[in-house]
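Me: I should like to understand the terms used for this structure. May I ask about them one by one?
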Amino acid sequence: MSNKNIVILAGDGIGPEITDAAVVALKAVEKKFGHKFDLDYRYMGGSAIDKFGVPLPDETVTACKTADGVLLGAVGGPKWDAQPAENRPEKGLLGIRSALGLYANLRPAVIYPELTSASPLKKEILDRGVDVMVVRELIGGIYFGPRAASDDGDSAYDTEIYSTEEVRRIAKVAFDIAMTRRKKVTSVDKANVLLSSRLWRRIVNEIATEYPEVEVNHIYVDNAAMQLVKDPSQFDVLLCPNMFGDILSDEASQITGSIGLLPSSSLGTCKAGLFEPIHGSAPDIAGLDVANPIATVLAAAMMLDNMGLNDEARAVEAAVGKVIADGWRTPDMGEGKRVGCKKMGELIADAI
Ligand code: NAD
């Protein structure tokens, strides 16, 4: 029996619905394995702006820093679009990643055999297999570099900056993960144009010498975007700078059938880690009970793994696999036995 303290950041839009469904699954794990999960609900994003005037209240950061795991829904929505750039919901997300030192974002993309018809790719391409782990650098690069807009609104810039240490630590994560998988790292950059990419490539090659068993390749980001839809089976671990990883992981998600299926974990210097679906707050379907909670449930499984509860994580993944195999589908998953968000959570909990 373990006692774990889990912070839930439900967030905005579909965030509360999908985290509620994941909590139902976590309660089933508690019951089956005899654990005690203390759930600590905190505010972040638009909901925090409404309550505290800021997207990331200090008390949220403090709670996350001492938690065993942090499960996030999603943040943002049109309600807060008029907020100044420094006080938008997304600032809460960037802020918590930075405050917790979460430099490594892991986004697995696998295809369930039953969902190949929901993928836009041809069956013969999918039959070669899709099992890609996108390892995205999360707190450096262009999303965090110096930026400015001119007073007259005529120009603006953002800056891509990477230090050798930032590249080194994320590259190590990618190679370590590759050692547990098919031992292949493909590093994504734009080294034909960007100096920051040349530095990235140099350091990745340096780290590669420490992992002689791992095959390393480099690919330009434009080619990576093309190859992902042409033949995703060629990729094992895809190591990416922040913005390239953001874009390519959304592309990888669509290959699997729906953006509502893919979880992610963000790890770094804080023991907790942050676990969330890769999609956003989907304001277009918020409150309709049609969102797919599977990405969030699988994010909860990644959280269990990070807390050392590996059998529990496998039980959650197996339950998701069973519910999909049994034909249950939220609307984004294509044809099948139609269910809403809440029911999908209950079915997964029952399967656990
Ligand atoms: P989005 O991911 O929210 O939605 C894109 C499309 O995918 C929409 O049609 C949506 O209905 C659908 N979708 C997303 N998740 C789904 C799910 N679980 N089930 C079924 N369909 C789903 O992206 P967007 O529309 O570009 O952004 C909406 C808001 O979310 C914005 O405010 C954006 O800033 C924010 N956002 C937040 C995060 C985060 O919190 N990590 C990430 C991306 C975007």
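Me: What makes the pair formed by a polar side-chain atom of Asp284 and an oxygen atom of the ligand a polar contact?

Reply: This is a predicted model, in which local features need pLDDT of at least 70, side-chain atom pairs count only at pLDDT 80 or more, and totals for chains, interfaces and linings use all residues. Residues are numbered from 1 along each chain as its sequence is written, and side-chain values use heavy atoms, with hydrogens and water left out. A polar contact is a pair of N or O atoms within 3.5 Å. The polar side-chain atom of Asp284 lies 2.9 Å from an oxygen atom of the ligand, so the pair meets that limit.

Me: Which distances are found for Glu90 and Gly77?

Reply: For Glu90, a polar side-chain atom lies 2.5 Å from a ligand oxygen atom. For Gly77, a backbone N or O atom lies 3.1 Å from an oxygen atom of the ligand. The ligand taken alone exposes 810 Å², of which the protein buries 68%; these areas come from the Shrake-Rupley method with a 1.4 Å probe.

Me: How many residues surround the ligand, and what classes does the shell have?

Reply: There are 20 surrounding residues, and the closest are Val75, Glu90, Gly280, Ala282 and Asp284. A residue is near a molecule if one of its heavy atoms lies within 4 Å of it. The shell has nine nonpolar, seven polar and four charged residues. Asp, Glu, Lys and Arg count as charged, whereas Gly is among those counted as polar.

Me: Why is H1 called oblique to H10?

Reply: Helix H1 (residues 15-33) and helix H10 (residues 294-306) pack at about 45°, with axes 8 Å apart. Angles under 35 degrees count as roughly parallel, over 145 as roughly antiparallel, 65 to 115 as roughly perpendicular and the rest as oblique. The angle of about 45° therefore makes H1 oblique to H10.

Me: What makes H10 roughly antiparallel to H11?

Reply: The axes of H10 and helix H11 (residues 310-325) come within 7 Å and cross at roughly 160°. This angle is over 145 degrees, so H10 is roughly antiparallel to H11.

Me: Why is H6 described as oblique to H7?

Reply: Helix H6 (residues 164-179) and helix H7 (residues 195-208) have axes that come within 9 Å and cross at roughly 50°. That angle therefore makes H6 oblique to H7.

Notes. Polar contact = N/O pair within 3.5 Å; in protein donor to acceptor, adjacent residues only side chain to side chain. Axes fitted to C-alpha atoms, helices over the stretch in contact; angles between N-to-C directions. Helix = DSSP H or I, 4+ residues; strand = E, 2+ residues; numbered from the N terminus.
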